[in-house]
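Work through the exercises below with the sequence and the 3D structure at hand. Each task is followed by a stepwise solution.

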Amino acid sequence: MKQEEHKTIGTRKILNNKFYLYLTEFFSGMSVMAVELGASRLLAPYFSSSQIVWTIIIGTIMIAMALGNIYGGRSADKNPDPDRLYRRIILAAIWIALIPVLGKYIILGISAVMIFSVNSNFLIWAAFAACMIIFVFPLFLLGTVTPSLVKYAVSDLDDNGKTVGFLNASNTIGSIIGTFVPTFVTIPSVGVSITFYIFAGILLLIAIIYFCSKRERSIRAAVGVVILIAACLTSSTDSFAFWEDDLVYEGESIYNYLQVKEDDSAVYLSTNVLFGVQSVYVKDGGLTGMYYDYAMAAPLMAGVNEADGLDVLILGMGTGTFATQCDIYFDNLTMEGVEIDEDITDLAVEYFHLSEDIPVYTYDGRAYLNAVDQTYDVIMVDAYQDITIPFQMSTIEFFTLVKEHLNEGGVMVINMNMRGEEEGSINQYIADTVSAVFSEVYTVDCTGNTNRELFATDNEAVLDVFADNISLEDDADLAAMMENISENLAVYEAGDYCMTDDKAPVELLGMRVIDDLIADEVTYYKQVYAEGGISGLLEEFR
């Protein structure tokens, strides 16, 4: 009976053509990588795109693929019917097509549950649970492709090595293309949702061709096509922040999720659905009430009101809030910015009124310093975002590079966006690392938020320069702001928590602070839940 089954399978024309089997393997590998990259973009607006989140994505996908390999091999040995494989491909395509429609709701549902059920490592557990629920099943199904195709493609032992080699090569080449196409083509041009739909459609097409070659109808394939079309029709209303009704702009770049909001007083940029504001433009031209106001102490520490002019470099330009504020309050600064995300620079011009006289270079901040010889009077480092802190811009080697690009008496200012008071916090690591490079280090906490500004220089008279320049300041609001900073500025007492290019655990350190922030925010609601359960929470939100 088994010999007859194998003979029947072998006579099917489409499977006798090994090119089609290689094509199936190729597009399967491509789809796996596309889903993996799509997963990072789907999770990033909620959990960041840190190395921690990437590790969780890669780990869960490898688990899914390994289990799929085991199941696929056993299934093919037990019942070597190709129909079963191509039905699994259809099911994987349907699941992938539904991810953009349902994924964000699942992520927020998991986050809500995790907030009330875990006391630490919230991001790890929530991201892991989201990956397991959303992505493991379709990738498990795609993991069955290779062992199943080996069963169908190997007809004798004389060329089985060659056949398996071609199958693996097809999968690898597909994976390579599936890595580059989403990153550089589909996600920047049409977004994450359409990317999922494209690869779901490819998988459906592979299966449909197979069943059509047999002149058989497939209800699963028809259902998959209907679901894919329905999902595509919903993409026009798709939003990561689906509860927001006042977004001026929402989109995705190669690096970030981007969200612009506007009210009567200001325009705001956020690169994360759940954490904070990255840039702001105040419509009346006054102080922002945020850390940018504190950072303007740096030009005064460098003697802006006594000098003919100062050169300022901003690493992590964003939409240019700091540059715009400095342009308003100081008339003798020559500024330039470095921003790795060109789409953010475009938003700066369109929504945030960044002056066209201020050049912005699309570059990594550290790479830019390595590429230029110019020196500056002020360098602002504003590249730290939630726990997505570029480690290469937080080490002794980086701050040494910054120092080499400062003029005599120059000042570096860093925005540290998460306070951490405990021993070995992310802020202590950064401040200790800076202190290993600069002789004078000062910090000040920003009122009303979690930001802390750090100022570093080798000028021992920096506080005197600061005081002298405050006294020369014409604008009353800015002068009052600077007096407040002067009164609260603290000399930093350095410790031994330094980071180097070899060792900079910024994600783990940042995650601790995020855990503390989340714990503080939900303490009240946890108490409500403990006393009244779900009904108590629902009553609280009415």
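**Exercise 1: a helix pair**

Task: In this predicted model, helix 3 passes helix 4 in a right-handed crossing. Describe the geometry of the pair and list the residues in contact.

Solution.
- Step 1. Two packed helices are described by the angle between their axes and the distance between the axes.
- Step 2. Helix 3 covers residues 18–47 and helix 4 covers residues 51–78; their axes come within 10 Å and cross at roughly 140°.
- Step 3. From helix 3, the contact involves Val-32, Glu-36, Leu-37, Ala-39, Ser-40, Leu-43 and Phe-47. Helix 4 contributes Val-53, Trp-54, Ile-57, Ile-58, Ile-61 and Met-65.

**Exercise 2: one residue and its patch**

Task: Is Phe-184 buried or exposed, and which nonpolar surface patch includes this residue?

Solution.
- Step 1. Locate the residue: Phe-184 lies in helix 9, residues 160–213.
- Step 2. Exposed means over 50% relative accessible area. Phe-184 has 54% relative accessibility, so it counts as exposed.
- Step 3. Phe-184 belongs to a nonpolar surface patch together with Ile-173, Ile-176, Ile-177, Phe-180, Val-185, Ile-254, Tyr-255 and Ile-340. The accessible area of the patch is about 820 Å².

**Exercise 3: the whole protein**

Task: Summarise the secondary structure, burial, surface and contacts of the protein.

Solution.
- Step 1. The protein has 20 helices and 12 strands.
- Step 2. Of its 542 residues, 53% are buried.
- Step 3. Its accessible surface is about 24300 Å², and carbon and sulfur atoms account for 55% of that area.
- Step 4. Take the contacts between residues at least 6 apart in sequence: 72% of them join residues at least 24 apart.

Note on methods
Residues are numbered from 1 along each chain as its sequence is written. This is a predicted model: local features need pLDDT of at least 70, side-chain atom pairs count only at pLDDT 80 or more; totals for chains, interfaces and linings use all residues. Side-chain values use heavy atoms; hydrogens and water are left out. Patches are made of residues with over 30% relative accessible area and no salt bridge: like charges are joined within 9 Å, nonpolar side chains (Val, Leu, Ile, Met, Phe, Trp, Tyr) within 5 Å. Accessible areas come from the Shrake-Rupley method with a 1.4 Å probe; for residues, only the protein chains shown count as cover. A salt bridge is a side-chain nitrogen of Lys or Arg within 4 Å of a carboxyl oxygen of Asp or Glu. Helices (H or I, at least four residues) and strands (E, at least two) are DSSP runs, numbered from the N terminus. Buried means under 20% relative accessible area, exposed over 50%, partly exposed in between (1.4 Å probe, protein chains only). Axes are lines fitted to C-alpha atoms, for helices over the stretch in contact, and angles run from 0 to 180 degrees between N-to-C directions. A crossing is left-handed if the near helix is turned anticlockwise from the far one by less than a right angle, and right-handed if clockwise. Contact means heavy atoms within 4.5 Å.
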